[in-house]
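Q: Please examine this assembly closely, with particular attention to a single part of it. A connected account, with each term defined by its cut-offs, would be appreciated.

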Amino acid sequence: MDYKKKPLPPIVGKAGFGLLGIGLVLIILAFAVNTQRAFFDYLWMYMFLVSVGVGSLALVALEYLVGATWSTPFRRISEFLSSLIPVLAILVIPLLFGMHDLFHWTHPETLQNDPILQSKAPYLNVNFFIIRVAIVFAVWLAFYFLFIRNSQRQDNTKDPALTRQSIKLSAVFAILFIITISITAVDWMMSLEYHWYSTMFGVYYFSGTLYVSFAVAAFCAVKLNENGYLSERLSNNHYYSFGAFMFAFNIFWAYIAFSQYMLIWYADIPEETFWVIMRMKGSWAYYSIGLVFVHFIIPFIILLPRSSKVRPGLLTKMAVWFVIAHFYDLYWLIMPTYFKEGFVFGWSELGFMMFAVGLIITVFRIRAAKVNLVPVGDPKLESGLNFHLN
Amino acid sequence: MVSIMIKKLINSLKEYDSKADTEHRSKKLFGLAALYNTPNEIITAAADVAGKGYEKFDVYTPYPMHGMDDAMGMKSSKVGYVSFALGLTGMCLALLMIWWMSSVNYPNIIGGKPFFALPASIPITFEGTVLLTGIATVLGVLILFNQLPKINSPLNDTDFMKRVTSDKFGLVINADDEKFIDADVRKLFLSGGAFEVQEIYYRETNLGIKTPIFDGKFISIIFATAILTAIITYVTLNIVLYDVVPFDWMWNQAKINSQSKSDFFPNKAGMREPVNGTVARGFLPYEYKGMPDSSVKLLSNPLAVSRKVLERGQERFNIYCSPCHGYFGEGDGRMRDQFPKPPSLHNQKVLNWPDGNIFHVITNGQNVMPSYAEQVPVDDRWAIIHYIRALQRSKNASDEDLTKSK
Amino acid sequence: MSFDSTYTRELPLVEAKKSFKEIDEVIALPTETKPTKGWWIAFSISSTALLIGAFCLSLTFYYGIGMWGNNNPVGWAFDIINFVFWIGIGHAGTLISAILFLFRQKWRTGIARFAEAMTIFAVMTAGIFPIIHTGRPWLAGYLLPLPNQNGVWVNFSSPLLWDVFAVSTYFTISFLFWGLGLVPDLATLRDKTTSKIKKTIYSVLSLGWTNSNRNWSNYERAYLILAGISTPLVLSVHTIVSFDFAVSVLPGWHTTIFPPYFVAGAIFSGFGMVSTVLILVRKVFNMEHIITIGHLEKMNKILLATGMMVGYAYGMEFFIAWYSGNTFEQFVFINRAFGPYAWTYWTMVSCNVIFPQLFWFKKVRRSIPITMVLVILVNVGMWFERFVIIVTSLHRDFLPSSWAMYYPTLVDLGLLLGSFGFFFTFLLLFLKTLPLVSISEIKAVVEGAQPTIHPLPGGNGQHHD
């Protein structure tokens, strides 16, 4: 294909740095004012970045695994986004120092008086927790480097064997991804309320990662293509696929969320319901109802008609909406442990959000400056560009 | 007999099977049909015909062909609107049904849940939505949009149709199109690469006014089938299966009913007698059973008055005594006019009776009143007596009682 | 197509390029010829099984469900196991016809029709069990919210009622989907047959379909919509089946992962059954060029993937049971793995998770005998999964004084056999009477079937590719 690399406009870099800078200042202030709240906010931001970074890597693997071609021209976008993983490996370190503030189960006095917690101690202890975090990052980093290396090497060599290798890698990564993302969800979010348990929780977080990482990819893809950074041959057929998948992932999340809620509501066992009741207390009740609308119903109605799945302007707006909805969802999962009486959204939370968005933009820009925006050497690219719905 | 009938049937079927289709075509032209060999030829020809301004034409392909809608200048299909509208209807109807049935018409507390709870209603609402959407889509596309079934279309049973349902691509321009001129159309077809042009004539049945669905024979067959089905159903359900295990509503059960005969026991009685010298709980024998009042040493009420005892007494009184004595013991029970009216329990005689005397009457019966010893256990009898005393007092309350109760 | 198909997993859809006429011939052949000896043997086996099932069912009706092995703690047993098993089998059909359609996986065309038919027969088989489980199935009308002389309505908060709605909706929609797809094919058969009786039947059933493009246009949109609603429908059905168990408070039943876990298991078992039957069918009806080894390989990959999902759920359940710190939860899982029914648990784990790991090897995926063995094991494993979930959770719950073992009776086994007979009898009749591959769909994906130019009315042809 005839691809000419263009540098991204400087405004992108400025916006990224700007958000990153303001976010950083607010984060430092937040830690100075209220360390525990800041750590909870930090965890919230961290989980969001994991969703985007690791979710994007999963999307890359998914494309190889199922042999999709329509997404090949956009694969670089997800690859760039997955470059958050090395950054996350650094970002997680401060969080490990905040474990005492975040997790009640780390407190020795809690452990002493709680027989249920004692029975979980072989899993929920600080050492094993850190070992798990290390293993999880080892997996993510290893596959990140392998996928990116293969893909970038192909730009010059155009060697189809690399694709074949990535297909094999993707089968292995698919399994490890599900396991590592479940461990991450259980460790960082479920254990905030260490008495609570739900077998669905890993799948719940997994559905959120797909939801948001796909939306971010769709946002970048549409914006880049509308401004002529990708290829003229990308058309409504591709946009429709983005819209349809966003729609589908939204339904998948709703399905998982509904199933989990309904089963807890119906069985009405106190061990499980207290977690939901925490989210029904005070203003959290409105927040929880809002989750249903913000995360599912409104995007569902907007994306339902066929015509709205091909409108680039609407797609980017919905992608931004999805990002906010995922923030909203993670806030719902994490924050009730800290804000017990009702939800609070202040400058501190805003700072962490700005930092997260700024980081994504910056990482994307740095990677986009060096690497082609389209995998020009991929043997599937031609068929991806020619993709037609029927 | 049967075998001859079957043979006859088979023969007539065979005969029908081998009979050629003899339907006549009229002289009226339906349209001109062209056959093409390749997808590219047909799609170009279709675009050509549409470009020339023909409106009543159609393309016939063995499978849906990509890009043909655009080539023919067709608008995109509207099936989705019907599906959406009916889907929404299905959703609303299902929710309305659940809400009305479970919280308005027949509210029942189940598992401590609210009468109408959204989480529990979602599964059925979803199924209702999908069901109506699906049915609307299929019926919509077939009947509303494609106007099927239409078995006697002039195109059916032609050589043209035989080719386009198999391996060739066809194009038909209807004769009633405004721009239809025989020679022009032929030229257009042949210049586009058609290897064959056919004339399609209307069937004679297409032109007749008679609608086959109003055919007398057809209607009488439908009627006969309906009546036969109704008779068979009625006979099967109400006569044949009426008393047959297992469709007998569990009338016949593998157990011995009371008062019935049993071959299992030596005395041939299904019921068992109590073991000698035993007494059932609550049925201690009454010493003065069957004796006249005068010879009885009256018992005194062993129960202390309490709210519980009085409520029990009221309940039992209302069940066993009130049919004759009435709810207030005035002898105006529901059985009046069908059974001799008992005297009021508020007369001086009963007011003066000690408790033991009333107990004796309940246990033994009096005049036409039978014994209630079988139905009412001893303690219940005493409870009833307390209740009767309460009734009596309420009927004969003094001013003192009123002030006391304040 | 210029790219090497290895990277995209797109295979030539029809091996050994065939003309449209040849496709007609191959697909219509079974409907036009007298049944072969092989078919008769298969048919007599399946109808014998059906008769045995019918006999056992009559016994059940006459004497009541006391003929079954169900006892006090184990109130649900073979009846519900078979229900869940068969309804799960059905899911592969909808998955192939709807989800793969939405994902534009063109390889589905070779097997979609057959799989859809399987769905319908599997749902019919499944539907028998909850109804006979009620004890007096002729009163099953009371399962529907119909006005009645007692003035009562059904219990809308019961998952068992949701089942009634889910299964009947699922059957209706699958049937419509299948029927809509059959209409153009029946039109082809109508114009192909020389017998007048067949022609009359095909004419009526094809509704006078003419292959008109104005009809195709609506048809394709309707097909897309049906695929779009069938996809969430198929998920909802097994989700609701899982609710039957998961809304209770019984350890081993109440766990939040049940909905997606059941769906994955259903697809897994369904693909197992589709593969089992397809391997035989393609051989018997000489359809190796249309139902290719590539199809089987793809299905094996899906089996591997869904097997792993099921394995994830087994692992997660076990882990959370321990993690919960709830002794009842822990006991149930220990009892499953090491209690009196441990053998069923390990059968399930090995057939569903361990053996399918062989599908990692391309040689295994493309070897028909090994595939055959493995897919049969998948069927066995998935049946035992339901046994494990239902029986082991019930037979030892909170109250040790009422623990008991469950043993099936001959009638139970006869009904299980009969369910297979019922399913396969219908399937064999389908194979001889209707086109088992969609003729119009397969023609549309043959090389050279689609135009390479896309002209607009009056405009010149625009080339692409």
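A: In chain B, the domain assignment gives domain 1 (23-209) and domain 2 (298-398), the bounds coming from an automatic or database domain assignment. The C-alpha centres of these two domains of chain B are 82 Å apart. The model is predicted: local features need pLDDT of at least 70 and side-chain atom pairs count only at pLDDT 80 or more, while totals for chains, interfaces and linings use all residues. Residues are numbered from 1 along each chain as its sequence is written, and chains are lettered from A and ligands numbered from 1 in the order in which they are written.

The part for closer inspection is helix H2 (residues 37-63) of chain C. Helices here are DSSP runs (H or I, at least four residues), numbered from the N terminus. H2(C) has 27 residues and spans 39 Å from its first C-alpha to its last, close to the expected 39 Å; the expected span is 1.5 Å times one less than the number of residues. Its buried residues are Ser46(C), Ala49(C), Leu50(C), Gly53(C), Cys56(C) and Thr60(C), where buried denotes 20 or more other C-beta atoms within 10 Å of the residue's own, with C-beta atoms placed from the backbone. Helix H4 (109-133) and helix H14 (410-433) of chain C are among the elements that cover these buried residues. Just after H2(C), Gly64(C) adopts a positive phi of about 95 degrees.

Elsewhere, 31 residues of chain C are in contact with 34 residues of chain A, contact requiring C-beta atoms, placed from the backbone, within 7 Å. H9(C) gives the most to the side of chain C that touches chain A, with six residues.

Definitions and conventions: Contact = placed C-beta atoms within 7 Å. Helix = DSSP H or I, 4+ residues; strand = E, 2+ residues; numbered from the N terminus. Buried ≥ 20, exposed ≤ 12 C-beta atoms within 10 Å, placed from the backbone.
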